[in-house]
Every structure is written in C-alpha cells, then in structure tokens.
Amino acid sequence: MIRLSLCVFFASAQLLVFAQLRPAHLLCENLSNPLCIDAAAPRFTWQLTGQTARDVKQTAYELRVATDKSFREVTWSPGKIASDSSVQVAYRGPALRSGVAYYWQVRVWDNKGHASKWSELQTWRMGLLHPEDWTASWIEPGYDEDPVMRPSPLFRKAFNLHKTVKTAIAYITSHGMYEAYLNGKRIGDACLAPGWTSYNKRLQYQAYDVTSLLRNGDNALGAMIGSGWYRSHLAWENQKDVYGKTCGLLLQMVVTYDDGSTETIQTDNTWKSATGEVTYSEIYNGEIIDARKDAGPWTTAGFDDHAWSGVRLPGTPRDNLVATWNEPVRKHEVFHPQRIFRTPKGELVVDFGQNLVGWAHLTVNGKAGDSIKLFHAEVLDKEGNFYTTNLRVAKQEDIYVLKGGQTETFEPHFTWQGFRYVRVEGFPGDLKPENLEATALYSDMPKTGSFTCSNALINQLQHNIEWGQRGNFLDVPTDCPQRDERLGWTGDAQVFSRTASFIRGVDNFFAKWLRDVAADQFPSGAVPHVIPNVLGKNDGGSAGWSDVATIVPWNMYLAYGDRRILEDQYESMKAWVGFMEQHSRDYLWNTGGHFGDWLSYEGANTDQYLIAQCFFAHSTQLVIDAAEVLGRQDDVNKYTALLKNVKDAFLREYATPDGRLISNTQTAYVLALQFDMLPENVRMADVGRLVDNIKDYKDHLTTGFLGTPYLCHVLSRFGRSDVAYTLLFQDTYPSWLFPVHMGATTIWERWDGQKPDSTFEDAGMNSFNHYAYGAIGDWMYRVSAGIDTYDDAPGYKKIRIMPHLTDKLDFVQADLDTYYGTVASHWKRSGDAINLDVTIPANTSADIYVPAADATAIAESGTALNLHPEIKILRKEGNYMVLSVGSGEYHFVCKE
Ligand code: BGC
C-alpha cells in the first residue's frame with residue numbers, strides 16, 4: 001500500500017516536473033555549444049517545451065551571458081524583455097573577446113502565466129577574431145617533394161607540459177585537407193577538413209577542445225595533409241594547383257593551466273616533416289596507401305624523428321582566416337555488401353545496394369606487397385558489367401599495398417567516391433562480406449524532415465531525393481560526386497535549395513557557401529558558374545545559375561527566418577540584378593550565353609532569352625522583398641520601378657496580347673506564371689496551354705533544370721493539383737518515377753540516364769547522382785503534405801497547413817523540425833472521411849486549411865468545432881475551411 005502511494009506520488013511529481021515550462025534545444029549561431037564563432041553578435045535560439053496546453057506563446061524572455069559558469073563575471077544581462085522572439089535573438093552586449101568561452105542561459109514566460117527556470121547552461125567560444133591573434137606560422141614540408149606522386153606530408157612536434165592542464169583548444173587549418181592527432185589519438189571526427197571555400201579569400205579554421213587528449217609530461221602533435229581541393233586536379237581541363245602547389249599546416253594550441261597561466265604550442269620552425277603511407281591522393285582519382293611505408297607511431301611523444309626533415313616557413317599571410325560556420329563533413333551510414341558476384345566479364349564486384357558518396361573500408365590478411373585495387377561505379381550496364389565510362393577521366397580508384405603478417409584495415413583519407421558497386425582486384429583469397437563495408441560521408445546537417453505516403457514508389461523517390469542531398473552536400477553543394485566535376489554548380493544549388501531545407505538543417509551550410517558566392521562574384525555582378533570558382537575564366541552570368549545570388553538567400557530567409565543572411569548577401573543580390581540591368585537594352589536582357597532549361601526533354605526547347613527575362617524579373621522581385629525586410633525603402637521603390645519595366649519588356653518581346661508565348665513549352669508557361677510575368681486576365685488561358693501541352697506529351701513533363709522545380713507548384717497554385725499528381729505518378733520516361741522504376745537509389749542527372757532498353761545516355765554527361773530534379777521534394781512537403789510558412793512570418797513563426805489531397809494516395813505524413821519545434825501534417829482517408837493530424841509548435845501560430853464543405857463537417861479530437869473556442873474559424877476558401885490556431889496537437893476528422 002505504502003509502495004503504491006509512493007509510486008503515485010513519484011508519478012505525479014514527475015508529471016508536475018514534466019509539465020513545467022522549459023526552454024530547450026538551445027542553439028548559438030544555430031549550433032549546439034559551438035567552439036569557434038566569429039560573428040560579432042552571436043544569435044541565440046530556444047524552444048518552449050514542457051507545455052502540452054494549446055496556444056502557448058512566449059510573452060517575455062531573459063538572457064544572460066557570463067565568462068564563468070556561476071554567472072559571477074556577467075558579460076551581458078539585459079533583464080527581462082517583453083517579446084515573443086525565441087529564434088536567432090542577437091547578443092547586444094559589450095564586444096566579445098577572441099578565444100574566450102562564454103556561458104549563457106535563458107528563461108521564459110508564457111501567456112498562460114508560467115515562468116520557466118533558467119535553462120541548462122550553454123556555452124560557446126569565440127574564435128580568433130583578429131589576424132594578430134594568430135601567432136602560429138604556416139609550415140610546409142622541409143624535404144623536396146616527389147612532383148609526380150606528391151605523397152601526403154606528415155608534420156609532427158613533441159613537447160612537454162609540466163603543469164596541470166585546465167583546458168586546451170587547438171585551432172587548425174591547412175592548405176590541402178588535414179587529419180590531426182594528439183598523442184596517437186585523432187583530434188575530432190571531421191573528414192575532409194578544413195572543407196572548401198574560396199581559399200585565397202576565406203579559409204576556414206576549426207577549433208577543437210583537446211583537453212582530455214593532453215597529459216602531464218611528454219606529448220606530441222601530428223598532422224597529415226592531403227592535396228584536397230587545394231591542389232588536386234579540379235574540373236575537366238586537367239588543371240591542378242588551383243590555390244597553390246604546396247601543402248601546408250597552420251596549428252595553434254592554446255593551453256590554459258589550472259593556475260591560470262597559458263602556453264601556446266604552434267606550428268613554427270621547430271616542427272619536423274616526412275612522408276608516410278599515403279603515397280598518392282587526389283580527389284577524382286583516389287588514394288594509394290602503401291602500408292609498408294607506414295611511418296610508425298609518429299603522432300606519439302616517444303617516436304624518434306631524427307631522420308625527419310625540418311619544415312619551411314613560407315611566410316603566408318594569415319588575413320584570410322575565418323571561423324567555421326557550417327557543420328563539418330562526418331562519417332554516417334555504414335553499408336554491408338548485399339551481393340558479391342562475378343560479372344559476365346568475370347570481374348569480382350560488390351553491390352552495396354545504395355548509390356552513396358564516401359568510401360569503402362577494407363579488412364584484409366595477406367602478404368607484404370600484395371596490392372588490392374578498389375574501383376568504384378554507380379551502375380552496371382545492360383549486360384550486368386561494371387560501368388565507369390560516365391566518370392570521364394576521374395579514376396575513382398583506391399589502391400592498398402599490404403605490410404603483411406597481420407589483419408590490416410584501409411580506407412582513404414582525402415578523397416571520396418560516388419558509388420554503389422566496388423570492383424575488387426588482387427584480393428588474396430576469397431572476398432567475404434566482412435572484408436568490405438561502405439561508409440557514407442556528408443556534411444553533418446541535422447535531419448529535420450520526413451515524408452512518407454501510401455505509395456512505395458513515391459517513398460522511394462523521396463529516399464532518392466534524400467540521398468541526392470546526402471551525397472552532394474559535402475561541405476559545398478556539388479552537382480555530382482563521381483565524375484571529374486564535383487563542383488559547386490550554382491544553378492543546381494539554387495533549384496534544390498528549398499527542398500534541401502525541408503530534409504536537413506541547411507541554414508549554416510548555405511550561409512557559409514553564400515559568403516563564397518559573394519566573395520567570388522565578378523566585379524560586373526555576374527556570378528561564376530561554380531562556387532568556389534575554379535573555372536577561373538571570366539564567365540558566369542547564366543540565367544538561373546547566377547540567380548543563386550538572390551534565390552538561395554531568400555529561400556534561407558523563408559525556411560529559417562534568417563534575416564542576417566539577407567543582410568550579409570544584400571549587396572551581392574543587388575550586384576547580380578545590376579548586371580542584368582547593365583546588359584539589357586530597354587530592359588530586355590537578351591545577350592550573353594546561357595545554359596537555358598538545361599537537359600529538358602529533347603525538342604522541348606525554351607527560348608533562352610525568354611528564360612533570362614523571367615529570371616531577371618524574379619531576382620528583381622527578390623531584391624524588392626529583401627529590401628522590404630531590411631527596411632530599405634529607397635531600394636523598394638527603385639527596384640519596383642525596374643520590375644515593371646522588365647515585365648513590360650517581356651510582354652512586348654515574348655507574349656501575344658492573349659498571353660501566348662513564343663516558346664510553346666511547359667517551361668515557358670511555368671516560368672511566366674510562377675514569376676507573375678503575365679497580366680492576370682491571361683493567366684488562366686496560359687494554365688490551359690500548359691495543361692494542354694502536358695496532355696500533348698501524354699501526361700509527361702518535358703522540363704529541364706529551370707522549369708522542373710516550379711512545374712507542380714504552378715499547377716497547384718492555379719487549381720490543377722490533379723495534373724501535378726498525374727505528373728508525379730507518371731512512371732514512363734520522362735518522369736520522376738521512371739528512374740525509380742529502373743531501380744534508381746538516387747536522383748539522376750537526366751530523365752533517361754538509363755533508357756527504357758537499359759542502354760545509357762551519352763557518357764559525356766550522365767551522372768546517376770545529381771540532385772537538381774529532386775526539387776520536386778519541395779512540392780511534396782509544401783503542397784502534397786501542405787506544410788509552409790509565410791513571407792511576413794518566416795521560419796515557421798506562422799505556419800500554413802494546406803494539404804492537397806488526391807485519390808491516388810491513402811495517406812501522406814510529413815514532419816519538419818523547425819527552430820520552434822516540430823511541425824507535422826498527416827492526412828489520411830478512411831472511408832469517405834478524412835483524418836488530418838496537425839502539430840504546431842509552441843510560440844507559433846497557424847492557419848490550417850481543412851478540406852471540408854463547411855465547419856459543421858469538421859470535428860476536432862472527437863468534438864464539434866464550435867466546442868473549441870481556441871480554434872477560430874476564419875473563412876471558406878475553395879474546398880477548404882480555413883481555421884486559425886495556436887500551438888498544440890490537433891486531430892481533425894472531416895468530410896470534403
Ligand atoms: C553540371 C551541371 C551544371 C551544368 C551547367 C554540368 O556539367 O554537372 O549540373 O549545372 O554543367 O550547365
């Protein structure tokens with residue numbers, strides 16, 4: 001009896017605790033406890049948790065920042081502020097100091113009369129803010145390098161610490177990619193660090209807390225450097241050494257002792273250099289590791305380095321160093337062989353079942369000098385043979401030479417491959433499943449979205465979109481991960497950016513890359529085709545590609561409410577519109593070379609200048625929108641006038657008075673409708689033309705890179721979601737499901753990468769992992785499931801739930817983790833009723849479009865709507881009843 005009442009007591013005490021208002025999911029600069037921030041005013045984000053009641057809103061918050069955990073040394077404590085801001089609230093205290101760790105907490109009040117306790121203690125550390133904070137010198141190998149193989153240099157330094165260490169932070173970057181070690185242990189778990197930026201202008205360094213790796217007495221630091229993006233072959237013209245010829249290291253470790261004194265161990269002329277087992281490493285070609293050349297325990301203190309060379313100090317300036325903004329590339333999923341088999345040609349091949357980006361990990365026993373070659377391919381050809389012609393000159397080949405006498409394991413360090421199949425040559429004995437596994441590598445962006453529905457093919461399409469993002473968000477958004485490109489193609493990135501923001505948290509990923517967009521933008525305002533710009537030439541300015549400068553900042557603003565991206569990119573946005581204005585006559589921009597509606601269906605060619613004019617208008621509109629957010633009224637006026645002229649020029653040149661366009665293509669009508677190029681009175685006629693065109697192609701799309709992202713959106717906006725679903729469900733070429741039908745596990749570059757008869761498209765350009773056509777993912781979340789935000793309350797501060805139902809599906813379920821919390825929209829048909837389950841996070845509000853004839857046809861959690869005073873009935877709109885709600889979980893049952 002006593003036990004029972006104790007249980008009841010504890011259970012209810014737990015409930016009480018659980019029901020307490022609590023700020024959680026605390027972020028600084030969108031990251032959890034980051035170690036190097038160089039934003040002058042870091043921003044704090046928190047979610048209101050612990051309240052299950054409906055319509056919870058924050059009414060006030062209080063933030064405090066200190067340099068100690070008990071808040072005795074308070075840096076900033078502005079007191080209680082009446083506000084509902086809980087996302088990206090900027091620090092406004094005194095200037096923050098280089099290398100200092102700050103602690104912060106927040107507490108909140110809500111509209112139900114609750115006050116929270118202080119949140120859990122959070123921390124962030126400022127980076128090295130000024131060039132003079134860097135006392136380390138760049139070091140380069142002291143030996144003469146083999147100019148052909150260019151083995152990966154090793155750097156090391158032994159040192160002694162004679163006091164007890166309180167904290168130690170290592171700041172590291174490199175020319176090339178690095179792996180750093182302290183006392184034999186890997187520092188951090190980032191791969192391909194320091195990532196890729198426009199190195200000459202902006203080189204990111206990383207900070208690591210290495211306190212636990214240090215010990216009293218003898219210690220050693222080591223780093224191995226691979227050629228990486230710095231000097232590997234890049235692009236297709238056999239160019240290399242884009243940023244420099246020689247690999248280098250910059251490392252500064254600041255040790256703080258228990259007694260408060262500090263010491264800095266850093267790269268300087270006391271370091272040693274040598275080469276080791278990585279005898280060759282190139283991004284496209286792969287890596288060679290000769291274990292016989294293993295340098296031994298070279299990252300430990302006792303290692304004898306007397307035979308090693310010294311180092312050179314090239315005197316490289318340190319004024320291009322910036323803190324790392326984005327999540328590092330890390331190892332993720334591990335795949336095991338699904339099948340080990342001989343192809344008709346007799347080659348030994350392993351199938352991992354998923355086209356992925358990363359590398360294979362080999363475990364092997366053999367003799368010294370045995371050489372095992374791993375070749376990588378995305379597909380098998382029609383006959384079932386290993387197919388690599390589409391890699392062009394990229395070899396994607398890793399070679400391992402054994403030391404012998406023990407079980408050895410290998411994986412590359414400074415390269416990656418795009419593959420599903422691995423061909424193995426030279427393996428001693430029988431290859432078993434346990435000998436090979438595949439590891440996926442990608443930027444460690446948090447997973448935020450999930451979309452599932454009642455159709456397995458559509459779910460596979462969603463899977464393929466997600467894997468397109470995983471594989472190609474490798475520190476920069478790349479076109480593809482396998483052939484001799486793997487570049488930050490701007491057009492591809494802009495078309496996919498909104499979709500990407502549903503699947504994963506890409507706020508910091510794009511914020512970082514957009515800085516390179518601005519840094520590499522030509523003085524004319526044109527944006528190079530790839531960012532970082534390794535094509536070098538003065539070409540850029542292609543419509544739909546250069547518009548990355550306006551489209552991605554705006555998409556990030558919508559997805560995350562990130563106003564600072566708009567502030568930071570504003571000049572770059574204007575510069576791009578300035579370029580188009582400069583290059584137009586009478587506001588008609590019909591000059592220059594353009595990629596056009598890249599890879600559209602053969603014959604469905606859209607006039608490239610018609611497309612250019614549409615994007616001219618769209619980018620101008622986005623500058624107006626950004627100017628409004630930033631309060632730049634002069635610019636609002638100026639660009640509004642420009643926009644009118646641009647649209648007038650479009651009508652003069654490309655449309656008849658009744659709206660017929662000079663190109664009778666889906667893309668022409670889609671772009672004209674999406675960007676409001678046409679007067680209202682002809683729009684429905686053009687929707688008709690678009691639908692007719694789709695019918696002419698027997699319910700197939702014909703759009704390329706630029707038309708595809710907007711195709712279904714335009715149809716839905718003008719009331720033709722039925723046609724959008726017809727296109728989505730089409731499974732013959734060209735369509736989204738055709739590749740799924742052919743067994744694709746990623747999105748293909750071309751609608752028919754592999755043709756219905758299983759032969760391939762032209763190998764000159766045929767990637768099987770190109771995310772651009774995956775842009776349909778945005779429509780699946782925003783329209784099919786119906787989760788969207790509002791331009792004037794972005795980042796899901798105000799949410800719109802407006803699912804578009806179809807008879808073709810029994811249910812759709814989408815969830816999205818926003819900065820406020822999870823938004824969910826799940827709809828399901830049961831008999832002639834529809835269930836709509838919606839989750840709206842605290843401190844937001846939503847308009848929910850319930851598919852119902854009228855309010856009496858809707859029940860919520862089993863009771864009629866009029867018994868729910870917290871749900872306001874706004875209006876009837878089309879086939880929906882529009883309801884206004886605050887946070888909470890809602891379970892509607894309704895009849896259409
Ligand atoms: C890339 C693209 C890119 C295109 C430019 C290709 O080689 O892989 O995806 O956008 O060139 O047209």
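**Group meeting: a predicted 896-residue protein chain**

I begin with R318: neighbours within four sequence places aside, this arginine is in contact with P131, W134, T135, A136, S137, W138 and L250. I should say at once that the model under discussion is a predicted one. R318 sits in the loop that lies between β21 (311-312) and β22 (321-323). Is the residue buried, exposed or partly exposed? Its relative accessible area is 27%. Because buried means under 20% and exposed means over 50%, R318 counts as partly exposed. To give a sense of distance, the C-alpha atoms of R318 and I694 are separated by 57 Å, and the two residues are 376 positions apart along the chain.

Let me now turn to the chain as a whole. Its secondary structure consists of 15 helices and 46 strands. Along the principal axes, the C-alpha atoms occupy a box of roughly 85 × 75 × 65 Å. The radius of gyration is 29 Å, which agrees with the value near 29 Å that a compact globule of 896 residues would have. Of those 896 residues, 62% are buried. Among contacts with a separation of 6 or more, 74% link residues 24 or more positions apart. The exposed area is about 33,100 Å², and carbon and sulfur atoms supply 49% of it. As to charge, there are 85 positive and 107 negative charges, and their mean positions are 3 Å apart.

Next, the strands. One open sheet has five strands, paired antiparallel in the order β13-β12-β15-β10-β18. Which strands form its edges? They are β13 (185-186) and β18 (272-275), each of which pairs on one side only. Strand β12 (residues 177-182) is joined to β13 by two bridges, in the antiparallel sense, and L182 has K185 of β13 as its bridge partner.

My last element is strand β38, residues 811-818. Its covered face carries V812, A814, L816 and T818, whereas F811, Q813, D815 and D817 lie on the uncovered face. Two of the covered residues also appear in the pairing. A814 is the bridge partner of F451, within the five antiparallel bridges between β38 and strand β33 (residues 449-453). L816 stands opposite V823 in β39. How many bridges does β38 form with β39? The two strands share eight, again antiparallel, with β39 covering residues 821-830. A hairpin of two residues connects β38 to β39.

Conventions: Residues numbered from 1 in each chain as written. Predicted model: local features only at pLDDT ≥ 70, side-chain atom pairs only at ≥ 80, totals over all residues. Heavy atoms only, no water. Helix = DSSP H or I, 4+ residues; strand = E, 2+ residues; numbered from the N terminus. Rg over C-alpha atoms; globule rule 2.2 N^0.38 Å. Buried < 20%, exposed > 50% of the residue type's maximum accessible area, 1.4 Å probe, protein only. Contact = heavy atoms within 4.5 Å. Areas by Shrake-Rupley, 256 points an atom, 1.4 Å probe, with all protein chains shown as cover. Lys, Arg positive; Asp, Glu negative; His and termini not counted. Charge placed at Lys NZ, Arg CZ, Asp CG, Glu CD. Pairing = 2+ DSSP bridges. Lists of a residue's contacts leave out its neighbours within four places in sequence.
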